[in-house]
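Hi there,

Here is the structure I promised to pass on to you. Have a look at it first, and then read on for what turned up.

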Amino acid sequence: LSFFSFIPVFGSTSENTDVWFNFGLIDKAPIFDQVIQDWDGKMSTDPLNEKFTAFEFGLNNRSNDGPLASRLNFYSTTWSDRVATKYIQNVEGDDDIVYLTGIQQSHTGVEFEMSAQLSEMFRLDAGVSLGNWVYTDDATGTYRDGTEDKTYSYSIKDLKVGDMPQAGMNLGLTVTPVEGAKVQALYRYYALHYADWDPTSREFSDGESGDRNGVWRAPKYGILDLNASYKLPFEFSGVKPELFLNVRNLLDEVYVQDATDNSRYNAVPFRVNNHKANAAEVYLGMPTSYNLGIKVNF
């Protein structure tokens, strides 16, 4: 929405500073995989459209002489009637799907980015973000037990949303030693990474309270990447070749990229449901890898 520009506090506040505001209401149909079971065509019962209410407010600023720029924004999004699928293992040991409905989530946070051209040779980029993403109500799930559909409640109210770190920081230094060549060292740091919840440990029926403990939080970690490129000083019939090198996880950091709380697959059997590392199913991040190649621009 740009109509706020006629109000003095909104729009351009100085020659190189502006304030902006976004607001949106979205009504979205769930995707195919969230309502139809692949192997037998079983369909979720009367799935509702998902609804989003989003608000975002920000400030952009740039120095008068140009080498310094920054961006600060705050966001708040509520997600209601969300539809999701969870895989579980039934009593026969086969995989099945739970169709979850009525999931309510709240996402709020703040993000800051800045870049500074320190000199012709050096450029500095930095960013930091902090979020608070949480489920705001319990959910209902239905799955087929043999030929019978069974419905349970799932105790997820006040759980932190998993699968992605809620806090992060990045710092990058780009060096241009000669014309056409760039070398960048990029450090990425992640924290507040909560495990996803396993439906079998959160399931409860009428008259029960369900498990209300928080999920396991994975350890913090940082990764250093290296990116380099060089535009070769010649061309063929208008085609300009460029060499590039990307090294991911340069220091070979061992880290947990994703996790499921109280997993029934890989957790220690006699220690499940304790919301600790020994009851989590974890997926480690990639070790050091690199990509070396040449690309052409025409």
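Let me start with one residue and work outwards. Arg212 sits in the loop that runs between strand 13 (203-204) and strand 14 (217-218). Please keep in mind as you read that this is a predicted model.

Is Arg212 buried, partly exposed or exposed? With a relative accessibility of 45%, Arg212 counts as partly exposed. Setting aside residues up to four places away in sequence, Arg212 touches Asp138, Ser155, Ile156, Lys157, Arg202 and Phe204. With one of these, Asp138, Arg212 makes a side-chain polar contact of 2.7 Å. You can also look across to Asp158: its C-alpha atom is 8.4 Å from that of Arg212, although 54 residues separate the two along the chain.

Ile156 is a good place to go next. Beyond its neighbours within four places in sequence, Ile156 is in contact with Tyr135, Asp137, Asp138, Ala139, Trp197 and Arg212. Ile156 also belongs to the largest nonpolar core, which has 18 residues. Which members of that core touch the most others? They are Tyr135, Tyr154, Ile156 and Trp197. Two or more residues of this core come from each of strand 4 (68-89), strand 5 (95-117), strand 6 (122-135), strand 7 (139-145) and strand 8 (148-154). Another core, of 6 residues, lies apart from it, and its members include Ala195, Trp216, Ala218 and Ala280.

Now for the charged pairs. Side chains of opposite charge can pair when their charged atoms come close. Searching the whole structure gives 7 salt bridges, and here are some of them.

- Asp261 and Arg202 meet through their side chains in a salt bridge, at 4.0 Å from N to O. This pair links distant parts of the chain, with Asp261 in strand 17 (residues 256-261) and Arg202 in helix 1 (residues 199-202), 59 residues apart. Asp261 counts as buried, at 0% relative accessibility, and Arg202 is buried too, with a relative accessible area of 0%. You have met Arg202 already, as one of the residues that Arg212 touches.

- Glu113 and Arg71 form a salt bridge between their side chains, 3.5 Å from N to O. Here too the partners come from distant parts of the chain: Glu113 is in strand 5 and Arg71 in strand 4, 42 residues apart. Glu113 is partly exposed, at a relative accessible area of 43%, and Arg71 is partly exposed at 28%.

- Arg123 and Asp125 have their side chains joined in a salt bridge of 3.0 Å, N to O. Arg123 is partly exposed, with a relative accessible area of 31%. Asp125, at 19% relative accessibility, counts as buried, because the cut-off for buried is under 20%.

Finally, the overall picture. How many helices and strands does the protein have? Its secondary structure comes to 1 helix and 19 strands. The protein has 298 residues, and 34% of them count as buried. Among contacts with a separation of 6 or more, 63% are between residues 24 or more positions apart. The protein exposes about 17,600 Å², and 57% of that is supplied by carbon and sulfur atoms.

If you open the model, you could begin at Arg212 and its contact with Asp138, then follow Ile156 into the largest nonpolar core.

Best wishes

How values were computed: Residues are numbered from 1 along each chain as its sequence is written. This is a predicted model: local features need pLDDT of at least 70, side-chain atom pairs count only at pLDDT 80 or more; totals for chains, interfaces and linings use all residues. Side-chain values use heavy atoms; hydrogens and water are left out. Helices (H or I, at least four residues) and strands (E, at least two) are DSSP runs, numbered from the N terminus. Buried means under 20% relative accessible area, exposed over 50%, partly exposed in between (1.4 Å probe, protein chains only). Contact means heavy atoms within 4.5 Å. Accessible areas come from the Shrake-Rupley method with a 1.4 Å probe; for residues, only the protein chains shown count as cover. A nonpolar core is a set of buried Ala, Val, Leu, Ile, Met, Phe, Trp, Tyr and Cys residues joined through side-chain atoms within 4.5 Å. A polar contact is a pair of N or O atoms within 3.5 Å; within protein, one must be able to donate a hydrogen and the other to accept it, and residues adjacent in sequence count only if both atoms are side-chain atoms.
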